Amino acid sequence: MSRTSPDNRATRPCRPHLPLRPLWLCRVCAAPWPCPVARLTLRQEYAHDRIALSIYLCTVLHDAAADLYRLNPHDGPDRAALYARFLGWAAPRGDPDSGVGHSE
Ligand SMILES: [Zn+2]
């Protein structure tokens, strides 16, 4: 995985809505990170590489879970909720316009 193009870094948009660790709240709007603006920015930033976005979010989820469970060892966040918050919104679940969705 060494196909990092130099252009990629140069054109990287700034992301002011970054997480404040270890609370994982947005530094700008104080919403649980990733806040709607952060999600939008991430979607744009990784528009052409959804796999990279998933990998990035997996890493973030791992760090966030470690931080949040350290802060609240007895009343930590729900795993499913954490997954939905960090990964669920970006998970490719079929194109809703294609009509090939799965029936749930
Ligand atoms: Zn924010």
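This briefing walks through the fold, the central salt-bridge network and some backbone features of a predicted model. The chain has 104 residues, of which 26% are buried, and its secondary structure comes to 4 helices and 2 strands. A good place to begin is Asp 67 in helix 3, which belongs to a network of salt bridges with Arg 21, Asp 63 and Arg 70.

**Overall architecture**

- Following the sequence from start to end, you will meet the elements in the order α-β-β-α-α-α.
- Of the contacts between residues at least 6 apart in sequence, 48% join residues at least 24 apart.
- The chain exposes about 7600 Å², and carbon and sulfur atoms supply 57% of that area.

**Helix 3 and its cover**

- Helix 3 covers residues 50–71.
- Its 22 residues should span 32 Å at 1.5 Å a residue, and the end C-alpha atoms are 31 Å apart, so the two values agree.
- The buried residues of helix 3 are Leu 53, Leu 57, Val 60, Leu 61, Ala 64, Ala 65, Asp 67 and Leu 68.
- Helix 2 (36–45) and helix 4 (79–86) are included in what covers these buried residues.
- Thr 59 also sits in helix 3, but Thr 59 counts as partly exposed because its relative accessibility is 44%.
- The C-alpha atoms of Thr 59 and Phe 86 are separated by 9.8 Å, although the two residues are 27 apart along the chain.

**The salt-bridge network**

- The structure holds 3 salt bridges, and Arg 21, Asp 63, Asp 67 and Arg 70 are linked in a network of them.
- Arg 21 pairs with Asp 63, with the closest N and O atoms 3.8 Å apart. Arg 21 lies in the loop between strand 1 and strand 2 while Asp 63 is in helix 3, so this pair ties together parts that are 42 residues apart in sequence.
- Arg 21 also forms a salt bridge with Asp 67, where the closest N and O atoms are 2.9 Å apart. Here the pair ties together parts that are 46 residues apart in sequence, because Arg 21 lies in the loop between strand 1 and strand 2 and Asp 67 in helix 3.
- Arg 70 and Asp 67 meet in a salt bridge at 3.3 Å, N to O. Both residues lie in helix 3, 3 residues apart, which is about one turn of the helix.
- As a general point, an α-helix has 3.6 residues a turn, so residues three or four places apart point the same way.
- Asp 67 counts as buried because its relative accessibility is 6%.
- Arg 70 is exposed, with a relative accessible area of 59%.
- Arg 21 is partly exposed at 43%, and Asp 63 is partly exposed at 26%.
- Leaving aside residues up to four places away in sequence, Asp 67 touches Arg 21, Pro 22 and Trp 24.

**Backbone features worth a look**

- Most residues other than glycine have a negative phi, and most peptide bonds are trans.
- The peptide bond from Arg 21 to Pro 22 is cis, with omega near 5°. Pro 22 is placed in the loop between strand 1 (19–20) and strand 2.
- Trp 33 and Pro 34 are likewise joined by a cis peptide bond, with omega about 0°. Pro 34 is in the loop between strand 2 and helix 2.
- Trp 24 has a positive phi, near 60°, and is not a glycine. Trp 24 lies in the loop between strand 1 and strand 2 and counts as buried because its relative accessibility is 3%.
- Ala 30 has a positive phi of about 65°. Ala 30 is found in the loop between strand 2 and helix 2, and its relative accessibility of 51% means that Ala 30 counts as exposed.

**Surface and cysteines**

- Leu 20, Leu 23, Leu 25 and Leu 71 make a nonpolar surface patch of about 300 Å².
- Within this patch, Leu 25 belongs to strand 2 (residues 25–26) and is partly exposed at 31% relative accessibility.
- A search of the whole structure finds 0 disulfides.
- Cys 29 is partly exposed at 38% relative accessibility, and Cys 58 is partly exposed with a relative accessible area of 39%.

Methods: Residues are numbered from 1 along each chain as its sequence is written. This is a predicted model: local features need pLDDT of at least 70, side-chain atom pairs count only at pLDDT 80 or more; totals for chains, interfaces and linings use all residues. Side-chain values use heavy atoms; hydrogens and water are left out. Patches are made of residues with over 30% relative accessible area and no salt bridge: like charges are joined within 9 Å, nonpolar side chains (Val, Leu, Ile, Met, Phe, Trp, Tyr) within 5 Å. Accessible areas come from the Shrake-Rupley method with a 1.4 Å probe; for residues, only the protein chains shown count as cover. A salt bridge is a side-chain nitrogen of Lys or Arg within 4 Å of a carboxyl oxygen of Asp or Glu. Buried means under 20% relative accessible area, exposed over 50%, partly exposed in between (1.4 Å probe, protein chains only). Contact means heavy atoms within 4.5 Å. A disulfide is a pair of cysteine sulfur atoms within 2.5 Å. The expected span of a helix is 1.5 Å times one less than its number of residues.
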